[in-house]
Protein chains: 2
Amino acid sequence: MGTIRYLEIADALRAAILAGEYAVGAQLPSESDLATRWSASRGTVRQAVATLAAEGLIGSRQGARRIVLRHERRHSFGELNSFAQWAEGLGQEVTSRFLSRVRRPATAEEAERLALAPDTGILAVVRLRLLDGEPTMVERTAYADWVAAAVEALPDDVRSVMDSLANESGIVAHYGEHLIDALGAGSEDARLLEIRRGSPLLRQRHVSATATGRPIEWTDDRYRAGSVTFSVSNSAVTTPLERRTGEG
Amino acid sequence: MGTIRYLEIADALRAAILAGEYAVGAQLPSESDLATRWSASRGTVRQAVATLAAEGLIGSRQGARRIVLRHERRHSFGELNSFAQWAEGLGQEVTSRFLSRVRRPATAEEAERLALAPDTGILAVVRLRLLDGEPTMVERTAYADWVAAAVEALPDDVRSVMDSLANESGIVAHYGEHLIDALGAGSEDARLLEIRRGSPLLRQRHVSATATGRPIEWTDDRYRAGSVTFSVSNSAVTTPLERRTGEG
DNA sequence: GGAGCCAACTTGTTCAGACAAGTCGACCCC
DNA sequence: GGGGTCGACTTGTCTGAACAAGTTGGCTCC
């Protein structure tokens with residue numbers, strides 16, 4: 001359906017790589033070769049391979065053929081931003097338990113992350129997420145004032161808040177920033193996740209923003225150790241990952 | 001210096017953004033505008049802004065001007081792959097203590113990550129890294145057989161192994177993959193980092209590879225909780241970050 | 001005043017061609 | 001065989017042009 005030429009080519013190449021048609025370390029056909037096969041210009045083919053390079057599937061060096069770096073597919077933006085979407089892709093059953101959903105003034109940090117004036121009213125939601133019945137993650141989300149009403153209008157048992165927001169209100173996340181670190185479970189975390197206080201947790205804090213850069217939500221997700229791993233690939237040309245000190 | 005046109009333009013734009021010439025949320029000049037100013041074609045300008053977009057500095061939507069998303073600079077590939085390079089950029093003093101450096105057969109996991117035959121001899125190095133005198137991270141590295149000799153030839157007090165490898169032997173890392181999760185400190189971790197056993201640690205495992213995709217090293221770095229945070233930014237177009245279950 | 005429409009503007013996609021710069025294997029010479 | 005040179009090949013950079021698709025603000029009309 002993608003009538004966009006370079007995505008068509010990228011999809012076909014990706015499928016071929018995933019199907020094992022090209023082994024890891026193998027060379028891809030040359031750009032002019034691909035251009036001929038697809039009756040496209042070399043510029044279009046370059047855009048296609050650039051897409052795959054950004055996904056970390058292939059690498060390149062001037063003068064030498066492009067090489068296949070790995071076979072696995074990268075997750076989509078949606079799967080990263082939505083726990084429900086991610087778990088579904090894995091074929092695991094997700095359930096969630098609402099613990100609280102209240103309006104309150106934003107804390108200093110929340111106000112800054114959401115680019116709001118101090119003490120602006122936000123919607124604070126705490127949820128426990130279970131994977132196949134196992135308590136896996138505690139999610140504490142602060143929704144910006146301008147989306148609070150839309151979120152409150154959603155039913156309690158909504159599968160994915162971000163999905164519903166997109167469909168019902170046209171509020172779509174385009175950008176995200178993620179801070180990842182480790183910490184010991186507090187007493188509330190410990191009780192909810194059924195682990196001992198002080199047990200290691202993997203924390204992912206992230207902010208989602210619209211296409212215009214307006215922050216939508218700021219969340220603090222805490223995973224039981226061993227339940228999830230984050231993966232990032234990078235190259236000398238693009239480095240999306242960054243290491244920071246302390247509280248980021 | 002950079003005789004490469006699009007990088008010149010990207011550098012100038014990045015500098016302007018970092019200098020605060022454009023506020024967060026502000027619009028950048030249009031592409032044709034920039035093309036005229038720099039007497040370049042629009043294609044070249046697009047390559048420049050694509051660079052900044054990949055760095056997460058600016059966003060875009062078809063039909064609307066590009067907007068500034070953030071001001072901070074992203075770290076370089078070297079700063080991410082080398083603990084020493086990273087800490088230096090922060091102005092903190094790095095010291096490291098060698099704990100062991102032995103040749104031994106690769107474990108099953110090491111052999112797979114390094115794309116070696118099972119039981120191939122690798123060079124295993126354990127180092128304790130201190131930041132301003134504070135024990136911060138335990139690093140366990142397995143160097144592939146074909147780089148082992150070059151690593152052994154380096155002096156014990158080398159500041160950065162990867163830096164030295166590049167300079168001395170021409171072995172340069174081009175690609176990396178990182179797995180991030182949390183776990184409790186084992187007894188050795190606890191002793192070295194001067195924390196209690198079971199205390200939360202942030203673990204970053206990563207493999208570095210050459211331009212041809214050949215794995216160089218596989219390391220397991222464990223940071224004391226609170227000492228570092230990883231940061232990743234993404235967008236609907238490029239998602240370098242991925243969430244996985246369990247042991248990745 | 002409000003709703004809807006339109007026109008100017010801006011980014012997205014594609015093309016064809018050109019030259020620079022780096023890689024790699026074949027070939028030659030010693 | 002070893003080593004160096006060279007040429008074919010391949011990716012990197014850049015141009016100029018054209019049309020598609022989406023945004024935005026202003027204008028008209030009710």
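# A walk around two chains and two DNA strands

Start with chain B: select helices H1(B) and H3(B), whose axes come within 8 Å and cross at roughly 50°. That angle is why the pair counts as oblique. Turn the view until one helix lies over the other, and you are looking at a right-handed crossing. Keep in mind as you go that this is a predicted model.

Now hop over to chain A and pick out H1(A) and H3(A). Their axes come within 8 Å and cross at roughly 50°, so these two helices are oblique to each other. H1(A) passes H3(A) in a right-handed crossing.

**DNA strand D**

Next, show DNA strand D and everything around it. There are 22 residues surrounding this strand, and the closest are A:Ser30, B:Arg5, B:Gly43, B:Thr44 and B:Gly63. Colour by element and you'll find that chain A brings helix H2 (31–37) and strand S2 (64–68), while chain B brings helix H1 (5–18) and helix H3 (42–54), each giving two or more residues to this surface. What is the surface near DNA strand D made of, in terms of nonpolar, polar and charged residues? Five are nonpolar, twelve are polar and five are charged.

**DNA strand C**

Switch to DNA strand C. Here 20 residues surround the strand, with A:Arg5, A:Tyr6, A:Thr44, A:Gly63 and B:Ser30 the closest. From chain A, select helix H1 (5–18) and helix H3 (42–54); from chain B, select helix H2 (31–37) and strand S2 (64–68). Each of those elements supplies at least two residues of the surface near DNA strand C. Which element gives the most to this surface? That's H3(A), with three residues. Sorted by type, the residues near DNA strand C come out as four nonpolar, eleven polar and five charged.

**A hairpin in chain A**

Stay with chain A and go to A:Gly63, one of the residues closest to DNA strand C. This glycine takes a positive phi near 95° in the hairpin of S1(A) and S2(A), where two residues sit between the strands. The strands themselves, S1 (residues 58–61) and S2(A), run antiparallel and are joined by three bridges. To see how they line up, click on A:Ile58, which stands opposite A:Val68 in S2(A).

**Across to the other domain**

Zoom out on chain A. The chain is divided into domain 1 (5–68) and domain 2 (77–224). How many Å separate the centres of the two domains, taken over C-alpha atoms? The separation is 37 Å.

In domain 2, which spans 77–224, select strand S3 (residues 94–105) and strand S4 (residues 121–131): these run antiparallel, with eleven bridges joining them. For a landmark, find A:Ser96, which stands opposite A:Arg129 in S4(A).

Then add strand S5 (residues 134–143). S4(A) and S5(A) run antiparallel too, joined by nine bridges, and A:Val125 stands opposite A:Thr141 in S5(A). While the strands are on screen, look at how their side chains point: in a regular strand they alternate between the two faces of the sheet.

Last stop: the turn between S4(A) and S5(A). This hairpin has two residues between the strands, and A:Asp132 takes a positive phi near 50° there.

Key:
Residues are numbered from 1 along each chain as its sequence is written. Chains are lettered from A and ligands numbered from 1 in the order in which they are written. This is a predicted model: local features need pLDDT of at least 70, side-chain atom pairs count only at pLDDT 80 or more; totals for chains, interfaces and linings use all residues. A residue is near a molecule or strand if its C-beta atom, placed from the backbone, lies within 6 Å of it. Helices (H or I, at least four residues) and strands (E, at least two) are DSSP runs, numbered from the N terminus. Ala, Val, Leu, Ile, Met, Phe, Trp, Tyr, Cys and Pro count as nonpolar, Asp, Glu, Lys and Arg as charged, and the others, Gly among them, as polar. Domain bounds come from an automatic or database domain assignment. Two strands pair if DSSP finds at least two bridges between them. Axes are lines fitted to C-alpha atoms, for helices over the stretch in contact, and angles run from 0 to 180 degrees between N-to-C directions. Angles under 35 degrees count as roughly parallel, over 145 as roughly antiparallel, 65 to 115 as roughly perpendicular and the rest as oblique. A crossing is left-handed if the near helix is turned anticlockwise from the far one by less than a right angle, and right-handed if clockwise.
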